[in-house]
Amino acid sequence: MPVEITWWGHATCTVEDSEVRVLTDPLFARRLAHLRRRRGAPPPPTAWHADVALISHLHADHLHVPSLARLEPGTRLLVPRGALGAVAGLRRLAHLRITEVTPGDRVEVGRVVVRVVPARHDGRRLPVGRHRSPALGYVVEGEARTYFAGDTGLFETMAEEVGPVDAALLPVGGWGPYLGAGHLDAGRAAQALARLAPGSAVPVHYGTYWPIGMDAVRPHEFHAPGDEFARLAAERAPGVAVHRLGHGESVRLEGAR
C-alpha cells in the first residue's frame with residue numbers, strides 16, 4: 001500500500017499510512033502575530049481530519065492552539081513532555097486525547113507506531129525562561145518509516161537516533177530573513193539527508209509565512225530554499241528522490257524498502 005504525503009505549508013503535513021492519517025504541527029491560520037501567510041491558501045477543512053496530530057515543540061507556529069481547536073473530537077494529540085504545564089490553552093482542548101511524550105516513547109495508533117526521537121532546537125514556548133519541554137521529531141512506522149524532523153539543527157548522532165527511514169520531511173528554511181541556531185537551512189538539510197539516506201525527501205518549513213512589512217528583506221530566503229535544497233541534495237545525496245511539493249500537493253510513495 002503506498003504512503004501518501006501532503007504538504008499544507010510551513011511544517012504542516014498529512015501522512016497517510018496503513019489507513020491512519022497523521023497530521024504534523026497543524027497551523028491553519030492566515031496570520032499569526034507578526035507573520036502572515038504569503039503563499040498558498042490555508043489548509044481546507046479536509047486537512048483538519050486526523051487520527052493523530054504530532055507537535056514537535058512549543059513555539060506558536062508549531063503548537064497553535066486555535067488550529068488544534070479545529071481538530072475533530074477524539075483526535076489523539078502527542079505533545080512534548082511538560083507542554084500541558086507550559087501552555088495553558090492546551091488544557092482547554094477537552095475534545096482531544098492529549099498525551100505528553102519524550103524521546104524513546106512509542107505510541108500505537110491503529111496499524112502504525114509513532115516513535116519519538118530527539119531534535120536539537122529551543123523547545124520553550126517563549127524565548128525567555130527555563131526550558132519546560134524538549135523539542136522532538138517523530139518517525140511514523142507503518143508500510144513505510146516516515147521521519148518528521150519538526151525544527152532541528154544538524155547533530156552528529158542524528159542518523160543513529162532517528163534510525164533507518166524511507167522518507168524524510170525536513171525543514172529547509174524559516175519564517176524570517178535570518179535563521180537562528182537550532183535550524184536547518186537548505187545546505188544543512190542536504191547534509192542531514194546524506195546522513196539519513198532515505199529513499200525520498202520532502203522539504204518543508206519554508207515559503208509560507210513571512211513577517212508583515214518585510215517582503216523586500218532578503219526575499220530569496222522565502223522563495224529559494226526548496227529549489228536550493230533539491231539542488232544540493234542531488235550533489236550530496238544523489239540516491240534520494242526529492243519531491244518539492246506546492247501547497248496542498250501530495251506525493252504517493254511505495255512502502256519500506
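Glutamate 19 is exposed in this predicted model, with a relative accessible area of 66%. I begin with this residue on account of its backbone: its phi is positive, about 65°, although glutamate 19 is not a glycine. Where does glutamate 19 sit? It is placed in the loop between β2, residues 12–17, and β3, residues 20–24.

Alanine 33 can be described in similar terms. Here too phi is positive, about 50°, and the residue is not a glycine. Alanine 33 lies in the loop between β4, residues 31–32, and β5, residues 35–37. Its relative accessible area is 59%, and since the cut-off for exposed is over 50%, alanine 33 is therefore exposed.

Let me now turn to the chain as a whole. It contains 6 helices and 17 strands. The radius of gyration is 17 Å, close to the 18 Å that the globule rule gives for 257 residues, so the chain is as compact as a globular protein of that length. Along the principal axes, the C-alpha trace spans about 45 × 45 × 35 Å. Of the 257 residues, 54% are buried. The chain exposes about 10,500 Å², and carbon and sulfur atoms supply 51% of that area. As for contacts with a separation of 6 or more, 66% of them are accounted for by residues 24 or more positions apart.

Next, strand β3, which follows the loop of glutamate 19. Leucine 23 is found in this strand. Is leucine 23 buried or exposed? At 0% relative accessibility, it counts as buried. The C-alpha atoms of leucine 23 and cysteine 13 are separated by 5.7 Å, and the two residues are 10 apart along the chain. Not counting residues up to four places away in sequence, leucine 23 touches Trp8, Thr12, Cys13, Thr14, Phe28, Ala47, Ala50, Val52, Ala53, Leu54 and Leu71.

One of those contacts, Phe28, brings me to the aromatic residues. A pair of aromatic rings is described by the distance of the centres and the angle of the planes. How many aromatic pairs does the chain have? The count comes to 3, and I shall discuss two of them.

In one pair, the rings of tryptophan 7 and tyrosine 206 have their centres 5.3 Å apart, with an angle of 15° between their planes. Planes under 30 degrees apart count as stacked, so this pair is stacked. Tryptophan 7 lies in strand β1, residues 3–9, and tyrosine 206 in the loop between β14 and β15, so the pair ties together parts that are 199 residues apart in sequence. Both tryptophan 7 and tyrosine 206 are buried.

In another pair, the rings of phenylalanine 28 and tryptophan 48 have centres 5.9 Å apart and planes at 25°, so this pair is stacked as well. Phenylalanine 28 is in the loop between β3 and β4, and tryptophan 48 in the loop between β5 and β6; the pair links distant parts of the chain, 20 residues apart. Phenylalanine 28 counts as buried, at 2% relative accessibility, whereas tryptophan 48, at 22%, counts as partly exposed.

Tyrosine 206 appears again in the surroundings of glycine 173. Glycine 173 is placed in the loop between β13 and α4 and is buried, with a relative accessible area of 5%. Leaving aside neighbours within four places in sequence, glycine 173 is in contact with Leu179, Leu184, Val204, His205, Tyr206 and Pro225. By contrast, the C-alpha atoms of glycine 173 and leucine 68 are separated by 23 Å, the two residues being 105 apart along the chain.

Pro225, a contact of glycine 173, leads to my final topic, helix α6. Its 12 residues, 225–236, should span 16 Å at 1.5 Å a residue, and the end C-alpha atoms are indeed 16 Å apart. Which residues of α6 are buried? They are Pro225, Gly226, Phe229, Leu232 and Ala233. These residues cover an arc of only 130° around the axis, which puts them on the same side of α6. On the other side of the helix, Ala234 and Glu235 are exposed.

Against which elements does the buried side pack? The buried residues of α6 pack against strands β13 (167–171), β14 (200–204) and β16 (241–242), and against helices α4 (186–196) and α5 (220–223).

Methods: Residues numbered from 1 in each chain as written. Predicted model: local features only at pLDDT ≥ 70, side-chain atom pairs only at ≥ 80, totals over all residues. Heavy atoms only, no water. Helix = DSSP H or I, 4+ residues; strand = E, 2+ residues; numbered from the N terminus. Buried < 20%, exposed > 50% of the residue type's maximum accessible area, 1.4 Å probe, protein only. Expected span 1.5 Å × (residues − 1). Arc of directions from axis to C-beta. Contact = heavy atoms within 4.5 Å. Rg over C-alpha atoms; globule rule 2.2 N^0.38 Å. Areas by Shrake-Rupley, 256 points an atom, 1.4 Å probe, with all protein chains shown as cover. Phe/Tyr/Trp six-rings, centres within 6.5 Å; stacked < 30°, edge-to-face > 60°.
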